[in-house]
Amino acid sequence: MKITPTDIGLAARVVQVSKSFGIGESAVVALSDVSIGIRRGQFTAIMGPSGSGKSTLMHIMAGLDQPTSGEAWLGDTEITDLGDTALTKLRRRRIGFVFQSFNLVPTLTARDNILLPFELDGRTPTDDEQGWITTLCEALGLTARLTHRPHELSGGQQQRVAIARALATRPDLVFADEPTGNLDSRTGREVLGLLADACTRFGQSIAMVTHDPIAASFADRTLILADGRVVHELDRSTPEQIAGFMLAMDRAS
Ligand code: ADP
Ligand code: MG
């Protein structure tokens, strides 16, 4: 497929992506014919009911899963048929992840978990990067916890370590799946503010899956999924507008 000028402004995109799990009568269609782009330097939220395909879409965009048909691109690289080694390298350099289950390494301290992306890339942070990591840890209230291991931290603290790790290398693109799902509302808002800040200050692009209209209100735009399709797109909206829209959609179904 040819890249058009509008695609150049996209950090990631999928083109006519469908995904089924299983075969025959037991097959589940998780995505049907989805085409979307994550714009550079923007904070994009992906909302939709449970089972609507949000996580599947995120996994395909990040190269963690393969579509049944269609294409996935990261920047100007098509990742759909990329081999494991090339894909791993690309992900490591360009993408940060925040999962609902924090995925921290249990034997490493918070600091070493945050520095893991550098370790895996075989380098140490520059002074500039170290300064950013310090800022991140302060904003996330982690400074006094850096020598603790994950089991010595609360769920909220573990998620904040995962967020610091995802943002530490200032990747082009950050994928976050329900990043505030396990946080209290005040910490959640701080984390969302930090994600939004990463977009405006460093031009990072963020794609965040969420259930929460308040979380989505931090985003520049919100894509709404239902039954494996993108059914609507909202520009930046208030929590009330987003909640109202979701409720109306629920009533209409
Ligand atoms: P969401 O994140 O919006 O809750 P998912 O993307 O996790 O939705 O799932 C979409 C649909 O695909 C659901 O019906 C789910 O049960 C199904 N699904 C997701 N992953 C798998 C899998 N690995 N095997 C079988 N079915 C799956
Ligand atoms: Mg999900």
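Here's a quick briefing on the ligand site and the two sheets of this structure. Keep in mind that this is a predicted model. Ligand 1 sits in a shell to which α1 gives the most, with 3 residues. One open sheet has 4 strands with antiparallel pairing, and another open sheet has 6 strands with mixed pairing.

**Around ligand 1**

- Going along the chain, the residues surrounding ligand 1 are F21, V28, A30, P49, S50, G51, S52, G53, K54, S55 and T56.
- Sorted by class, that shell comes out as 6 polar, 4 nonpolar and 1 charged residues.
- On the polar-contact side, the backbone gets involved at G51, where a polar atom is 2.7 Å from an oxygen of ligand 1.
- K54 joins in through its side chain, with a polar atom 2.8 Å from a ligand 1 oxygen.
- S55 does something along those lines too: an N or O atom in its side chain is 2.9 Å from an oxygen atom of ligand 1.
- As for cover, ligand 1 exposes 560 Å² when taken alone, and the protein buries 57% of that.
- If you're after secondary structure, β2 (28–39) and α1 (54–61) are the elements that give two or more residues to the ligand 1 shell.

**The 4-strand sheet**

- Reading across, the strand order is β2-β1-β4-β5, and the sheet is open.
- β2 and β5 (77–78) each have a single partner strand, so each of these edge strands has one side with no neighbour in the sheet.
- Helix α1, which also feeds the ligand shell, packs on this sheet and touches β1, β2 and β4, with its direction at about 55° to that of β2.
- Inside the sheet, β1 (residues 10–21) and β4 (residues 69–74) run antiparallel and are joined by 5 bridges.
- Two residue pairs help you find the register here: V14 faces A72 in β4, and A12 has L74 of β4 as its bridge partner.
- Next door, β4 pairs with β5 in the antiparallel sense, this time over 2 bridges.
- W73 has E78 in β5 as its bridge partner.
- The hairpin of β4 and β5 has 2 residues between the strands, and G75 in that hairpin takes a positive phi near 55°.

**The 6-strand sheet**

- This open sheet runs β6-β7-β8-β3-β9-β10, with mixed pairing.
- At its edges you'll find β6 (95–98) and β10 (229–235), each pairing on one side only.
- Ignoring direction, neighbouring strands are turned by 15° against each other on average.
- At the β10 end, β9 (residues 221–226) runs antiparallel to β10, and 6 bridges join the two.
- For a reference point in that pairing, look at L225, whose bridge partner in β10 is V230.
- Helix α5 (residues 155–168) packs on this sheet, touching β6 and β7 (173–177), and its direction makes about 170° with that of β6.

**Handy background for reading the sheets**

- Strands in a sheet pair through backbone hydrogen bonds, and the pairing can be parallel or antiparallel.
- Along a regular strand, side chains alternate between the two faces of the sheet.

Notes:
Residues numbered from 1 in each chain as written. Chains lettered and ligands numbered in written order. Predicted model: local features only at pLDDT ≥ 70, side-chain atom pairs only at ≥ 80, totals over all residues. Heavy atoms only, no water. Near = heavy atom within 4 Å. Polar contact = N/O pair within 3.5 Å; in protein donor to acceptor, adjacent residues only side chain to side chain. Areas by Shrake-Rupley, 256 points an atom, 1.4 Å probe, with all protein chains shown as cover. Nonpolar A, V, L, I, M, F, W, Y, C, P; charged D, E, K, R; others polar. Pairing = 2+ DSSP bridges. Contact = heavy atoms within 4.5 Å. Axes fitted to C-alpha atoms, helices over the stretch in contact; angles between N-to-C directions.
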